[in-house]
Amino acid sequence: MGAAKADQPYLMAFVEDKNDYNIVQDVIKSLNIANYEIIKGGIKEAIDIFKLQRSPQYLIVDVSKSDLPATDVTRLFEVCEPGMLMLAVGIRNDVPLYRDLIKLGVHEYVIKPLFSEILVRTLKNMLFGEEKGKESQIKKGKIISVIGSRGGVGNTFLATNLATILSHEKSRRVAAVDLDLHYGALALYFDKTAAYGLREILEDPERIDQVFLERVLTPVNTRLFILGSEEPLEERIQPKVEGVNTLLDYLSQQFHYVVVDLPHHMNTLTKTVIESSSVIILVCDPSVGSLRDTGRIMSLVGLEGSVRRIITVLNKVGAYATGEISPSDFEETLKHKISHVIPFDNVLPMACINKGEFIEEKENSLGIVLRDIVDDILGIQKSEEPESGLDRFFKKIKLR
Ligand SMILES: Nc1ncnc2c1ncn2[C@@H]1O[C@H](COP(=O)(O)OP(=O)(O)OP(=O)(O)O)[C@@H](O)[C@H]1O
Ligand SMILES: [Mg+2]
């Protein structure tokens, strides 16, 4: 049995009627579970509550009053931590519904009326059963790597904005991790000081446990947490592959998205994160050096399989009157579409960074593209579209 997380109940149940309440309570007590909470309500109440607070490790939820249980379960999963296991109970005795719920990731669906013996068996299986420990059964969040082709292209600016939009507007739980332990500015861009401990995790993975990790995570809002460091410049850091992997493993069980702001040099640390990522956001600016290095990074990260999606972002377009490499030249040279083009904006990025804010305005050209990238991450819009990045740029650009 895993230890309860410091600020969350181990097991929560949402049940619609008094009789079920009593049965669930008796069953929980008979299993000697001390850390639990039972709430009168159903799936809608659960969704509302977990939009605002952390989900438990285990959840029992009544879907009887839902007209579209599969849709509501999808919404519920969106606001809960990926590692949570869920038992649904409901009145509909219907095989397609059962299959849908299981396919969505529900551990088991129990048909009402509830019987203690059945509930004990199912709950035991969810909490202590063999299946529970199987790696494949544990749902995990996605690792999103943000890599700059060169220094200063806007990597951290992008990582902080994407992480904030994902958490603030899309209600996802997000961890933003800055792996530049010397110069990283991610915490600074949030106007925060990162808690001490990331270096220890990376160098000494045995130290990682739930309690340590929670101490190291600095909250930005209820769903967004950051990890970073400001190590003395003269000290050499020796991260271990196992440290990075363990960290990502922990985080991906608790967060839907782990956005990693990577230093732009390639080393064991960056390579390990890239290998675990399902999406790579490759940021470049319209300079010759950036074009060359974008190509080099693409061939490196793209080589090892098609599971990873590369989203290319050409940032700071239009800063110079002449000499910039155009998006179409980029596409032609790279033989790859530029997924998103962000115009240079001489007001907003600097102003927002200085105030520790994100680009809240949705209607200006910068705000629009940032949200397009978030949709792309969520799979709402594919980066391979018939319309080129250049066309979209000119359609969206509103000169300030
Ligand atoms: N589209 C943009 N228009 C104008 N300024 C921008 C834009 N994107 C980023 N910037 C500015 O560029 C500067 C560098 O951005 P950022 O720190 O994100 O780059 P980086 O790639 O993370 O740099 P480093 O390599 O040092 O980590 C910041 O001051 C930011 O405000
Ligand atoms: Mg940076």
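Modeller: A residue is buried here if 20 or more other C-beta atoms lie within 10 Å of its own. The model under discussion is a predicted one.

Colleague: Is strand β3 largely enclosed or open, and how many of its residues are buried?

Modeller: Strand β3 covers residues 58-62. Tyr58, Ile60 and Asp62 are buried on one side, and Leu59 and Val61 are buried on the other. The strand is largely enclosed by the rest of the structure, because the number of its residues that are buried is five of the five.

Colleague: Which residue of β3 stands opposite Ala13?

Modeller: Strand β1, residues 11-15, runs parallel to β3 and is joined to it by four bridges. Within this pairing, Ala13 faces a residue of β3, namely Ile60.

Colleague: Which strand completes a β-α-β unit with β3 and helix α3, and what is the handedness of that unit?

Modeller: Five bridges join β3 to strand β4, residues 85-90, and the two run parallel. Tyr58 of β3 stands opposite Leu85 of β4. Helix α3, residues 69-79, belongs to the unit together with β3. The strand that completes the unit is β4, and its handedness is right-handed.

Colleague: Where is the cis peptide bond that ends at Pro113 placed, and what is its omega?

Modeller: Most peptide bonds are trans. Pro113 lies in the loop between β5 (108-111) and α5 (116-128). The bond leading to Pro113 from Lys112 is cis, and its omega is near 5°.

Colleague: Ser171 and Asp191 each have a positive phi; which of the two is exposed?

Modeller: Most residues other than glycine have a negative phi. Ser171, with phi near 55°, lies in the loop between α7 and β7 and has 17 other C-beta atoms within 10 Å, so it is partly exposed. Asp191, with phi of about 60°, is found in the loop between α8 and α9. An exposed residue has 12 or fewer such neighbours, and 12 is the count for the exposed residue, Asp191.

Colleague: Which helix gives the most to the largest nonpolar core?

Modeller: The largest nonpolar core has 74 residues, and Leu162, Val258 and Val259 have the most contacts inside it. Seven residues of this core come from the helix that gives the most, α7.

Colleague: Which residues does Leu162 touch, leaving aside those up to four places away in sequence?

Modeller: Leu162 is among the residues with the most contacts inside the largest core. Beyond four places in sequence, Leu162 touches Val259, Leu370, Ile373, Val374 and Ile377.

Note on methods: Residues numbered from 1 in each chain as written. Chains lettered and ligands numbered in written order. Predicted model: local features only at pLDDT ≥ 70, side-chain atom pairs only at ≥ 80, totals over all residues. Pairing = 2+ DSSP bridges. Right-handed = clockwise from strand over helix to strand, strands pointing away. Core = buried A, V, L, I, M, F, W, Y, C linked by C-beta atoms within 7 Å. Contact = placed C-beta atoms within 7 Å.
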